[in-house]
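This report looks at aromatic contacts and at pockets. The sequence and the structure come before the details.

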Amino acid sequence: MKQVRRTTWLCLGLFFVALGTIGIFLPFMPTVVFYLLAAGCFSNSHPHLAEKLYNHPTHGHHLRAWRERRAISRKGKVSAILAMTASVPFTWFTVGWPWVLIPAAVLLVIGPWIWTRNE
């Protein structure tokens, strides 16, 4: 049973790394958030893979800042809130009412939480 759990955590970690990597190329997909989820999954299955993420030259400092201080850089905060804000009119024009309420609610709930994190 332990091996099944370990394999499940590994597969989830790989899935989140894939999503984070896609986020590098697509502006509306987050990168660091998915790498954080991957690091958490890898911590439960293969800690050396989590350390590889924490030591990544580009995204590692964001991951370590979150792990150590629960901190988000100002640039990360602004980017996240701008992306959430842009998703509201995008949703309005693509799928309309009542679906626009979902990104609006996320912005109203998660936006202030992101902004109040340490820097």
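A pocket, as the word is used here, is an open set of points on a 1 Å grid over the protein atoms alone, with protein on both sides within 12 Å along at least five of seven lines, and its volume is the space filled by probe spheres set on the points. The model described below is predicted.

## The second largest pocket

By this reckoning, the second largest pocket holds about 180 Å³ of space. Its lining is made up of P27, F28, A83, A86, S87, F90 and T91, and sorting these residues by class gives five nonpolar and two polar, with no charged residue among them.

## The largest pocket

The largest pocket encloses about 1100 Å³ of space. Its lining comprises 33 residues, and those that lie nearest its centre are P30, V32, V33, G76 and A80. By class, 21 residues of this lining are nonpolar, nine are polar and three are charged.

Several helices contribute to the wall of the largest pocket: α1, α2, α4, α5 (74-94) and α6 each provide at least two lining residues. The largest share, seven residues, is supplied by α5.

## Aromatic pairs

With ring centres required to lie within 6.5 Å of each other, the model contains three aromatic pairs. The rings of F16 and F34 have centres 6.3 Å apart and planes at 15°, and the pair is therefore classed as stacked. Because F16 belongs to helix α1 (residues 2-25) and F34 to helix α2 (residues 32-45), this pair ties together parts that are 18 residues apart in sequence. Both F16 and F34 are buried, and ring pairs join F15, F16 and F34 into a cluster.

The rings of W66 and W113 have centres 6.0 Å apart, and their planes stand at 65°, so this pair is edge-to-face. W66 lies in helix α4 (residues 60-69) and W113 in helix α6 (residues 101-115), which means that the pair ties together parts that are 47 residues apart in sequence. Since partly exposed covers the range between under 20% and over 50%, W113 is placed in that class because its relative accessibility is 40%.

## Charges over rings

Two further contacts set a basic side chain against an aromatic ring. The charged end of R67 sits over the ring of Y54, at 3.9 Å from the centre of that ring, while K77 lies over the face of W115, 5.6 Å from the ring centre.

Note on methods. Residues are numbered from 1 along each chain as its sequence is written. This is a predicted model: local features need pLDDT of at least 70, side-chain atom pairs count only at pLDDT 80 or more; totals for chains, interfaces and linings use all residues. Side-chain values use heavy atoms; hydrogens and water are left out. Rings of Phe, Tyr and Trp (its six-membered ring) pair if their centres lie within 6.5 Å; planes under 30 degrees apart count as stacked, over 60 as edge-to-face and the rest as tilted. Helices (H or I, at least four residues) and strands (E, at least two) are DSSP runs, numbered from the N terminus. Buried means under 20% relative accessible area, exposed over 50%, partly exposed in between (1.4 Å probe, protein chains only). A charge sits over a ring if NZ of Lys or CZ of Arg is within 6 Å of the ring centre and within 35 degrees of the ring normal. On a 1 Å grid over the protein atoms alone, a cavity is a set of points where a 1.4 Å probe fits but cannot get out, and a pocket is an open set with protein on both sides within 12 Å along at least five of seven lines; lining residues have an atom within 4 Å of a point. Ala, Val, Leu, Ile, Met, Phe, Trp, Tyr, Cys and Pro count as nonpolar, Asp, Glu, Lys and Arg as charged, and the others, Gly among them, as polar.
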